Amino acid sequence: MKHKSTTVAALTGAAMSLPAFSGTQPAESTLSVSFSQYREADIPKDEVVAGSHERYDIEVGKFRLVTPLGADWSLAVDATRETMSGASPWGTLYGATGEPNLIMSGATISDSRTEVALSSTRYTDNASYTLGVARSEEDDYKATSYRIAGEWDRDNKLSTIALGFSYSSDELSPTEAVLFGRVPEASRRSRSISGSWTQVLGKNAVLQSGISLTKKDGYLDDPYKLRDVRPDERTQWAVSLRYRRFYDNRNAALHLDYRYYDDDWGLTHIPLIYPGIKILA
Amino acid sequence: MRLMCLVLIFLGGCETVKPWERGTLARPEMQLDSDPLETKLREQVYQSKEAASGGNGAAGAGCGCN
């Protein structure tokens with residue numbers, strides 16, 4: 001009997017240590033690498049009055065290392081290397097009948113971006129706290145960002161509340177600024193707060209609802225457009241729902257992701273649903 | 001409003017899950033971000049192409065790209 005009680009206690013203890021939907025310290029180091037390539041469709045030639053009709057060809061390589069540190073900490077290292085080439089829209093010209101036509105750059109634009117991000121997380125029995133810093137560099141765009149986030153488990157780890165803040169300081173230095181009359185240097189800032197609530201709905205289903213608010217200020221124009229004048233402040237907000245359900249009889253997991261976005265520039269109501277089904281072997 | 005109703009319907013169906021019944025929830029394919037690299041790439045493309053960002057429940061630091 002004593003043996004049985006000990007076994008049950010051990011099993012219960014092991015089960016309690018199963019991840020809820022908050023951060024839990026990784027048990028071992030994990031290295032992930034991915035490579036993606038995509039090409040934007042060319043613009044129909046009859047819609048381009050000047051420049052190239054070819055759009056961007058983009059290659060993205062990503063690397064991620066997550067490793068435990070001691071008994072209560074973990075470290076995550078993310079690196080991204082991105083190369084892109086193609087033509088970019090400079091502006092729009094209206095034809096004799098009022099139809100818009102594009103003025104494009106030449107097809108010789110070639111750029112690359114490198115980003116490195118570090119974050120460290122401390123874990124307690126029912127919470128985790130993360131600090132992160134990231135640096136991104138292109139020839140004409142450099143950004144440094146910071147984030148702080150926390151997650152708290154409630155109700156025996158059946159629900160999790162998360163809260164996070166981030167701040168980014170970006171510096172622009174457009175190429176060939178004198179030749180094309182572009183702003184030689186500019187800066188912008190971005191501050192964001194986000195929160196989410198994750199709820200286990202049953203032994204096979206979980207739902208997360210999230211909300212975020214972002215404020216940007218500074219030079220928000222696109223310096224490569226021929227005449228681009230935008231407000232110097234922008235407030236964005238978004239809400240999201242993410243649902244996961246596992247079907248034992250199909251041995252498959254259903255993923256439903258929904259997001260609604262709005263901002264004070266008049267970009268409103270973008271309902272997006274990303275459905276996905278992961279069928280296991 | 002429809003969204004709120006949907007949420008309430010889901011939450012109305014909440015049930016207590018014992019610790020030893022959480023094996024399925026712990027499966028990789030049941031995680032909200034089962035592939036962080038793919039999620040980050042998708043978020044970057046969304047931000048770049050739709051001029052929109054946020055709402056995914058985590059504090060991102062932006063992609064630092066223009």
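## An aromatic pair between two strands

Trp237(A), whose relative accessibility is 33%, counts as partly exposed, because that value lies between the 20% below which a residue is buried and the 50% above which it is exposed. The model in which this residue is described is a predicted one. Over all chains the count of aromatic pairs comes to 3. One of them is formed by Trp237(A) and Tyr260(A), whose rings lie 5.7 Å apart from centre to centre, with 50° between their planes, so that the pair is classed as tilted. The two partners come from distant parts of the chain, Trp237(A) belonging to strand S13 of chain A and Tyr260(A) to strand S14 of chain A, with their positions 23 residues apart in sequence.

What is the relative accessible area of Tyr260(A), and is the residue buried or exposed? The value for Tyr260(A) is 18%, and the residue is therefore buried, since it falls under the 20% limit. Within this pair, then, Tyr260(A) is buried, whereas Trp237(A) is partly exposed.

## Strands S11, S12 and S13

Strand S12 of chain A, which covers residues 205-218, runs antiparallel to strand S11 of chain A (residues 186-202), and 14 bridges join the two. Together S11(A) and S12(A) make a hairpin, with 2 residues lying between the strands. Within this pairing, Ser194(A) has Ser212(A) of S12(A) standing opposite to it.

S12(A) is also joined to strand S13 of chain A (residues 233-247), again in the antiparallel sense, through 13 bridges. Here the residue that stands opposite Ser209(A) is Leu241(A), which belongs to S13(A). S13(A) is also the strand that holds Trp237(A), the partner of Tyr260(A) in the aromatic pair.

## Two residues with positive phi

Most residues other than glycine have a negative phi. Against that background, which angle does Glu176(A) show? Although Glu176(A) is not a glycine, its phi is positive, at about 50°. This residue is placed in the loop of chain A that lies between strand S10 (159-172) and helix H2 (177-180).

Asn251(A) likewise has a positive phi, near 50°, and it too is a residue other than glycine. Its position is in the loop between S13 and strand S14 (252-263) of chain A. With a relative accessibility of 25%, Asn251(A) counts as partly exposed, because this value is not under the 20% that would make the residue buried.

## Surroundings of Thr144(A)

Thr144(A) is part of strand S9 of chain A, which spans residues 141-154. Its relative accessible area is 18%, so the residue is buried under the 20% limit. The side chain of Thr144(A) makes a polar contact of 2.6 Å with the side chain of Arg135(A).

When residues up to four places away in sequence are set aside, the residues that Thr144(A) touches are Ala134(A), Arg135(A), Tyr167(A), Ser168(A) and Ser169(A). Arg135(A) thus appears both in this list of contacts and as the partner in the polar contact.

## A three-stranded open sheet

In chain A, 3 strands are arranged as an open sheet of mixed pairing, in the order S2-S6-S5. Strand S2 (48-50) and strand S5 (89-94) of chain A are its edge strands, each of them pairing on one side only. From one strand to the next, the twist averages 40°. The pairing of S2(A) with strand S6 of chain A (residues 100-104) is parallel and rests on 2 bridges, and in it Ala50(A) stands opposite Ile103(A) of S6(A).

Pro100(A) lies in strand S6 of chain A. Apart from its neighbours within four places in sequence, Pro100(A) is in contact with Thr92(A), Leu93(A) and Tyr94(A). Between the C-alpha atoms of Pro100(A) and Arg250(A), which are 150 residues apart along the chain, the separation is 50 Å.

## The two chains as a whole

Chain A contains 2 helices and 15 strands, and of its 281 residues 41% are buried. If one considers the contacts in chain A between residues at least 6 apart in sequence, 50% of them join residues at least 24 apart. The chain exposes about 15,500 Å², with carbon and sulfur atoms supplying 58% of that area.

Chain B, by its assignment, has 2 helices and 0 strands. Of the 66 residues in chain B, 38% are buried, and its accessible surface of about 3,600 Å² belongs to carbon and sulfur atoms for 59%.

Methods. Residues are numbered from 1 along each chain as its sequence is written. Chains are lettered from A and ligands numbered from 1 in the order in which they are written. This is a predicted model: local features need pLDDT of at least 70, side-chain atom pairs count only at pLDDT 80 or more; totals for chains, interfaces and linings use all residues. Side-chain values use heavy atoms; hydrogens and water are left out. Two strands pair if DSSP finds at least two bridges between them. Helices (H or I, at least four residues) and strands (E, at least two) are DSSP runs, numbered from the N terminus. Buried means under 20% relative accessible area, exposed over 50%, partly exposed in between (1.4 Å probe, protein chains only). A polar contact is a pair of N or O atoms within 3.5 Å; within protein, one must be able to donate a hydrogen and the other to accept it, and residues adjacent in sequence count only if both atoms are side-chain atoms. Contact means heavy atoms within 4.5 Å. Rings of Phe, Tyr and Trp (its six-membered ring) pair if their centres lie within 6.5 Å; planes under 30 degrees apart count as stacked, over 60 as edge-to-face and the rest as tilted. Axes are lines fitted to C-alpha atoms, for helices over the stretch in contact, and angles run from 0 to 180 degrees between N-to-C directions. Accessible areas come from the Shrake-Rupley method with a 1.4 Å probe; for residues, only the protein chains shown count as cover.
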